[in-house]
Amino acid sequence: MVERADAALPPDRGGRPGAPAATPYVRPKATPRRVIWIDRLADWTISLGGLAVIVAVFAIMAFLVQVVVPLFVGASASAPTRYALPPIPAQHGRLLDLATDEYGTLGLEVYASGFVEIFHVPTGQRLSASALDLGAAPATAFSRTLADGHVVFGFPDGSLRFGRITTGIEVLPADAAPAGLARLSDRDATDGSAVYSALTGAQLRRVAPIVELAPPEPAAPGARAIAALDLRVGGSVERPTRAYVTVDEAGAVVLHRSDSRMNLLTRQLTTSVSRVELPAVPGLGQVAGVLLTQLADEVYLAEHDGTLHRYDVRDAAHPALAETTDLLPGGTELTSLGFLIGEQSLVAGASDGSVGVWFRVARADAGTTDGRAMVRAHALEPQGAAVLRIAPSQRSKSFLTGDATGSLWLRHATSEQVLLRLSGGVSGAVAAVSLSPRDDGVLAIDETRRAAHWRVDSPHPETTLGTIFGKVWYEGYPEPTYTWQSSSGTDLFEPKLSLVPLIFGTLKATFYSLLFAIPIALMAAIYTSEFVHPRVRTALKPTMEMMASLPSVVLGFIAALVLAPIVESRIASLLLAFLAVPLALFGSAYLWQLLPQPLALRLEGVPKLAVMFAVVGVGAAFSLAFGPAFERALFGDFRQWLTGSSGSGAPLLFLLLAPLCFLALAVAVGRGFGAVLRDRIRRLERTRAGALDGALWLALLAGALLLSGALASALAALGVDPRGGLVGTYVQRNTLVVGFAMGFAVIPIIYTIAEDAMSAVPNHLRAASLGCGATTWQTAVHVVLPTAMSGVFAAIMIGMGRAVGETMIVVMAAGNTPIMDWNVFNGLRALSANIAVELPEAVKDGSLYRMLFLAALVLFVMTFLVNTLAELVRQRFRKRAAEL
Amino acid sequence: MASVTPLRRERRADLRAYGEPWRFAMGGALAVGVLLIAGFLLLVAWNGVSTFWPGPIAQVTLADGTLLAGEPTRSESYRPSQELLAGTPPEWRERIAAQDGFASRQLYRTGNYDLYNEDFRWVSEYEVGSVSYPAELQFFERVEWGPFVGRILRADLGGGPLEGAALEEGALREAHARARERWREIRRLERGEIGDVNREMEAERLALRRAALRFGPESEEHRALALRVEADLAALQAQYDALAARAAALRAEDQRFRVTLADVNGREKEQLLSDLTRFYPANRLSAWDGLGVYLSRWGEFLTDEPREANTEGGVLPAIFGTAAMTLLMVVAVAPFGVVTALYLREYARQGRLVSIVRISVNNLAGVPSIVYGVFGLGFFAYTVGARIDELFYPERLPSPTFGTGGLLWASLTLALLTVPVVIVATEEALAAVPRSVREGSLACGASKWQTIRRIVLPQALPGIMTGLILAMARGAGEVAPLMLVGVVKLAPELPVDGVFPFLHFERSFMHLGFHIYDVGFQSRNSEAGKPMVYVTTLLLITLIALMNATAIFVRARLKRRFAGSQF
């Protein structure tokens, strides 16, 4: 019960309850409401505030997850708008193509007679029609480019007709609309041909069909009916280029290329046309289609049974049939064929509903004239009925397939996923499909003139769990790979978003930095906690802690601009230092044992520490001075040796094996006649014992060197070579430098926490151990270290968490190359560095943006696991330490 | 009684019991750690302190007869490639071979970027013919193009060209001081006053747009405002014209004072006197004058704005940005951290919940800082900030106000990052308050909150301050999250100025740590930026070390104060 402290007391304070003869004083028992309320409020606020930490951690995680989730949600579609389109008279021939504009306003149907039917996509209302005058005969072949709607018609007499069928879009002020518009929908109104859509901010968008036709191109004498056609238009305004390939009914394949050059003064175009007749294919069956790449260097000719002929036309003077392959298994027919954007990947749809994506890759065993072969990189989920129509996206490797039962699947080639299955819109065999230029609308028409329109949202078609964490076969790559390459100069570039190389980079940097940091930090911590005077400790510890608060940007700067060039020119000295400094320390320890006991005892403490400092300094100076000689003796020129052009792998194997051999020999000798030797040494007087011990060590060392030398040359003779694996070509900003700098950042953290854990071991344990006659060394190793083990483990975990998330050092010193390679002398790109480099440029809510959030989430989860484990272990340790 | 054989202790002990080799290894590890830190700090300190000292200018005659002049900056030994070696004289080839293939070379800061397209040049020892230090060579620091090394040919101090003996150094220095004064006046006019007028004009336009959005473009209010804005704009335009005319007049005056410089090979370069920030005869400089140049360079560094893609000039905006961000962060982090620590120490019962809170605190401490940056960008800037823009700044859309990185979001992000530091320190401080004091207060009838507010918190205050200072040190050194939430390489305006509302939370800002990254890695020539980076590094480390030392000092005093008050 809380009581009011400042209650006025009456003067006769002696009035104890129960005391006789005094009027009992009744203390006011009521605490002012205000105090109670404030106390309660504080209770609530502080408790809530305390729990807010938990909320904060989970809010961060939840927010990251919420941003990331859309990556894995395929695509969504609205309910279809269904309508029946007016019938088209039979004399117009078959439906050749269907196009829509990027706002889903106009639909344009192109018929063989040149008839173009134009309708309003959201409602299906017919707007107008234009009949192109193509002459008497209907077209036998047709092609339309994906962008800009350039078309070409081919005719029975072998002649061609070029034109353009597309939509023109302009934005006008609201008052520019003509009078007397007929309303189509809430948004749209029409004047008969063009559609006007209201926009926000008092503006109008006018979408009008563009239907143009160039004068006929006369047929060459003796030309036959055109069976298939493909057209590519490219170049700049000053130098437009046009390439097209024709296949006539007899199977003759002809490639035409026209280059135009605009005279800058007269604005006149002069056009030169080249005509290349491609070698005939003997026994050519019925042609299903012909395709031409954007640069007009490859021609693909497909037959109905799925046979594909690939022509190599890079050298126009010598066109060659490079390869003939079979797109389909036996017994099925090729029912649709098309390019994806970029004109590299072929999509083949078959009568059994299977869909395959093919492209050519460089193969050593290709057996073709150009050393490349077509491969079916992606076999997509089959559709159940013959795939009749394919519509590629204009912005990604997505495409739409329509089958004989009227169902439409939106797929993505690289990720192999089916984004959407649209059925129930049209019921008959699909006659035409269109995927709108922004991938946000699907329009389909079936054989019975029923049509359906879906609004589609497909923001991240290229990402699935499989593409992010698995191998993906990207267009043009010889095999599936883990690749991170988020941007490039060209529009047609496909982002390659695999987190695996980045996770690998993070783990590689962490591994090498911990390899450097853990031994130094732990050994230094044990020494500080157990072997130095408390006064020295109070000076050393804040110094190390101060190092923990050094900004990592400074470490990164020093590592990249100062350390990296030094390491590059002094790499041999560094390698030597890894050997020389430990050897110098051990050697001086054995020398120290030669000191008479009283002197050794007197020098214990600061003088001994000073000796150690001096030995480290001498070892470093020795390495610096003799590094070049060491390099010449073992490797010749180390960096040349690394490239693998000279020498064998033996020298490095020798260096790597030497410590292992020493360990093995020491254990073997210890197990074998160690007991005898130890007994012998024990019976000697100290100086002589020291001498014998030192001699034994030297003998072991010599033995180990001999053994590892023998082993290394044996292994090298067997063909074992660390080059190409653990080591390889030298890059200036490499993992070694990063490991160094990051180790520098991690050492103080591991050191401080481990030292704290060891200092927290109760002193009575030490006292008991020493009292039993154990030396300080025995106490440290057998009593203190085991007791503090969980704290030491926590220290390593926390250090690892810091290394995993360290950003600036890896940004600056790691070279940022996203490659998967264990080579210590190569660079890396870590998750954290990748985020720091790419997130400022990423478009909000784009795939890259979400991928970088996923990278952050991966980092978060990694460190969350490590830190939670560390904290649980540490809590147990604290409890145990308190119980001791 | 049987005779007792006295126990003879075995005097000799197993050498293994002392573990001498391993103790040496451990001590060696400690030595390596300490030597690394010491070397690192010495490297930064030496480079940082010595950078601004004006060195002499060497005139080097190369073996092939070409002349170059520059300030020697550093030398190193390197390995010339085989192709390079092929062109050297044979005696040098032998000497280099004798030195294990290493040769030494000297880096000269030759300046004159506008003439040479480089401002540093490595000269290998075998290239050197002779080195001299001519007295007439001067070091000119310029507003543009970096330094110039050479001598003064002639000068026009407003009254026609002067040359040779007619050109007195005193007169030149005086004219230079006046020219610099004029230059500052022009900058004040253009940046300050004309900038103010521009800002007012922009504010008027935004007000009009706001009215249009609120009342509609055809409304009465909008039309009335439009008339007023038009009148205001006309008035402001007149002000603008007047100021611009004054600036133009000053500029015209400035054009009259010129100086013609020549490099060591006699190539001439005409320069406005006001474009020289500083010049000194490097080889005739007494130690006293050298100190003057040194101090004036430090002064410029600490109080001026950066120039030449941040590689020259000062870092005042970065110091300012760092300080503003850190202080704002402390304001945000203090209540959160203290409340959590109070909960853990005073309110919570030990149990699973507290253990989860502790795990969360440690996770907050262990989550990589870049993840906070990602969260700050996605949540604070793009989610919260975008909502604020929609509600309060619709007239500025689509260009974001709070919907992008800025001072506020950076501070909040860092506050989240540094909360654990404050929690841990505050907990320590609370634990140091003796139980008896608390019990005494409660026994007197004070409520729990009263006890905490009047008794516990005042006693723990130094400890809490320690935590806040440590948090500031941590926050000031972080760069990675800031790169995502508001730091820029060059901020045109400070986040605090004399324009209402004085504190501009939405502005992006400069930061010392990011300055290091930017100058060291993003500038055209990392060599030219290196001195700047070292000095900035020294400044940042000094700041952080000072904060840490303060914290450690306060903590030590706190311990001493409470050591005696344990009952």
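Reader: Leaving aside neighbours within four places in sequence, which residues is A:I750 in contact with?

Author: This is a predicted model, in which local features need pLDDT of at least 70, side-chain atom pairs count only at pLDDT 80 or more, and totals for chains, interfaces and linings use all residues. Residues are numbered from 1 along each chain as its sequence is written, while chains are lettered from A and ligands numbered from 1 in the order in which they are written. Two residues are in contact if their C-beta atoms, placed from the backbone, lie within 7 Å. By that criterion, the partners of A:I750 are A:A517, A:I518, A:A521, A:L522, A:A795, A:I796 and A:G799.

Reader: Which helix gives the largest share of the largest nonpolar core?

Author: A nonpolar core is a set of Ala, Val, Leu, Ile, Met, Phe, Trp, Tyr and Cys residues joined through C-beta atoms within 7 Å, each of them buried (20 or more other C-beta atoms within 10 Å of its own). The largest such core has 230 residues, of which A:A559, A:A741 and A:I750 touch the most other members. Helices here are DSSP runs of H or I with at least four residues, numbered from the N terminus. The largest share of this core, 18 residues, comes from chain A's helix α3 (residues 500-531).

Reader: How many residues of chain B are in contact with chain A?

Author: On the side of chain A that touches chain B, there are 69 nonpolar residues (Ala, Val, Leu, Ile, Met, Phe, Trp, Tyr, Cys and Pro). Contacts link 101 residues of chain A to residues of chain B, and the latter number 87.

Note on methods
Buried ≥ 20, exposed ≤ 12 C-beta atoms within 10 Å, placed from the backbone. Helix = DSSP H or I, 4+ residues; strand = E, 2+ residues; numbered from the N terminus.
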